Amino acid sequence: MNKYLKKVRLFASSLSIGLIRKKILITLLIFILFRFISHVPVPGVDPTKLQQLFGQNQFLSLLDIFSGGTLANFSIAALGLNPFITASVMINLLSMVIPRLEELTKEGEYGQAKINLYTRIAAVPLAVIQAMGMYAILQNQQIITQLAPLNLLAMVVIMTTGTMILVFLSDLINEYGIGNGTSSLIFAGIVSRYPLTAAQTFSVVGPQRIFNLVIFGALSLLLIAGVIMIEEAALRLPIRYARRGGQGGGQSYLPIKINTAGVMPIIFALSLVLLPSMVGRALANLPQQLGAPFLVNFGNGLNQFFQPGTVSYNLAYFLMVVVFTFFYTTVVFKPEEVSEQLRKSGAFIPGIRPGKATEARLRWYLYRVTALGALFLGIIAVLPSIVQGFTKISTLSLGGTGILIVISVVLELTRSIENLVQTYEYETF
């Protein structure tokens, strides 16, 4: 408890530092602008029918929570950051097989700037495809009328532009605000939806409903405690420093976090696990003159396999969380770089030679520690969907994944503020 009271006091003291106060203010202003954009609708959509559809469709409700409510309003940012996240996953995977991209990952800020540029370029066609898929779904449900080619082109351009505006706001947070821009915008959208979700949940009250709410509330507290525990847990690997000038070497610890990758594996996994269902619905809803029977059947199959709440969906979601936890950990924590830094500083792991032996031992520890975090994240990612099957409280269970993102982002923001405070105090000293 003292640890968290200390964090609260640290946050309060950080507000007295001008630089940190400015960063927090810029982040809040970007959040307000994001919420304003999420309420600017795309013309030609019946909002009443749209709300009814989202109330009946679990897939669209989950997609709406992930987009922060921009989809239910069918705003100009209806696609959210989903195309950009998908493009980021694709570029990171391609960097493992394309030598040129792999070289860029090792070229510091210049290489990272190039990769960011390629990611934004790839996000544009993905946004176009997803906008067309969303139009096909809404047109099939008679929520939006069949548009003339020019009007359809305008709608796709508007939605694609909305996504790129969000990418721009994300970059502003990265440069001038606090925390990761992508996860922070998703966090802002999810939090803004919780009051409405809670109101919908408590609108129907009954003995069985109250009992289910109590069960869900208890499980939610366990979920929150579990996420905090995993986010804060780390393996403290002892390291020693070589003797210099006849003086004894010191001893310290190298922390290896159980969840080194943070919240990004959850965001990546949720983004990709929703994509096949979107493609499937678009193919299944193709007009008869355009859609071959094979494409329609294939689309129906994808839609059924990746339907939220099904066993196949939960299994795919679980595996994606596990895989992306390992994948993103290798991006964030590089054993070869850490080994080299230890060697240059005169530090070593007791009983392990510096260089390749230290790198191999770090990798050995990293994979085993990450396995625990990946399995835990995978379980708690699908747990809300499983609980929904017993409690029948769909509105709150849809927010289960949102809880993971919200808690992870709050902890990430806390660590960012701590780092800024320590940097300010060091510079002042």
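**Exercise 1. The largest pocket**

What volume does the largest pocket have? Determine also which residues are closest to its centre and how its lining divides by residue character.

*Solution.* The structure is a predicted model.
Step 1: The volume of the largest pocket comes to about 1700 Å³.
Step 2: Its lining is made up of 48 residues, of which N92, Q112, Y328, V331 and V332 are the closest to the centre.
Step 3: By character, the lining residues comprise 19 nonpolar, 18 polar and 11 charged.
Step 4: Among the contributing elements, helix 7 gives the most to this lining, namely 6 residues.

**Exercise 2. Confidence in the model**

State the mean pLDDT of the protein, and identify the elements in which confidence is lowest and highest.

*Solution.*
Step 1: The protein has a mean pLDDT of 77, and 77% of its residues reach 70 or more.
Step 2: Confidence is lowest in helix 16 (residues 394-397), where the mean is 52.
Step 3: Confidence is highest in helix 8 (residues 149-176), with a mean of 89.

**Exercise 3. Two helices and their spans**

Compare the expected span of helix 7 with the separation of its end C-alpha atoms, and repeat the check for helix 13.

*Solution.*
Step 1: Helix 7 covers residues 108-140, which is 33 residues. At 1.5 Å a residue, a span of 48 Å is expected.
Step 2: The end C-alpha atoms of helix 7 are 48 Å apart, so the two values agree.
Step 3: After helix 7 comes Q142, which has a positive phi, near 60°.
Step 4: Helix 13 (residues 311-332) has 22 residues and should therefore span 32 Å. Its end C-alpha atoms are 31 Å apart, which agrees.
Step 5: The buried residues of helix 13 include Y313, Y317, F324, F327 and Y328. Y328 is also one of the residues closest to the centre of the largest pocket.

**Exercise 4. The sheet**

Derive the order of the strands in the open sheet and explain which strands stand at the edges.

*Solution.*
Step 1: The open sheet has 3 strands in the order 2-1-3, with antiparallel pairing.
Step 2: Strand 2 (251-257) and strand 3 (347-348) each have a single partner strand, so one side of each lacks a neighbour in the sheet; these two strands therefore stand at the edges.
Step 3: Strand 1 (residues 234-241) is joined to strand 2 by 7 bridges. Within this pairing, R236 stands opposite P255, and A234 has K257 as its bridge partner.
Step 4: Strand 1 pairs with strand 3 over 2 bridges, again in the antiparallel sense. Here R240 stands opposite F348.

**Exercise 5. Two isoleucines**

Decide whether I17 is buried or exposed, do likewise for I186, and give a residue separated from each in sequence.

*Solution.*
Step 1: I17 lies in the loop between helix 1 (2-14) and helix 2 (18-37).
Step 2: The relative accessibility of I17 is 9%, so I17 counts as buried, the cut-off being under 20%.
Step 3: I17 and V421 are 404 residues apart in sequence, yet their C-alpha atoms are 8.1 Å apart in space.
Step 4: I186 belongs to helix 9 (residues 181-201). Because its relative accessible area is 5%, I186 is buried.
Step 5: Along the chain, I186 and I267 are 81 residues apart; their C-alpha atoms are separated by 8.9 Å.

Definitions and conventions
Residues numbered from 1 in each chain as written. Predicted model: local features only at pLDDT ≥ 70, side-chain atom pairs only at ≥ 80, totals over all residues. Heavy atoms only, no water. pLDDT = per-residue confidence, 0-100. Helix = DSSP H or I, 4+ residues; strand = E, 2+ residues; numbered from the N terminus. Expected span 1.5 Å × (residues − 1). 1 Å grid on protein atoms, 1.4 Å probe; cavity = no way out; pocket = protein on both sides within 12 Å on 5 of 7 lines; lining within 4 Å. Points joined across faces, edges and corners; volume = space filled by probe spheres on them. Nonpolar A, V, L, I, M, F, W, Y, C, P; charged D, E, K, R; others polar. Pairing = 2+ DSSP bridges. Buried < 20%, exposed > 50% of the residue type's maximum accessible area, 1.4 Å probe, protein only.
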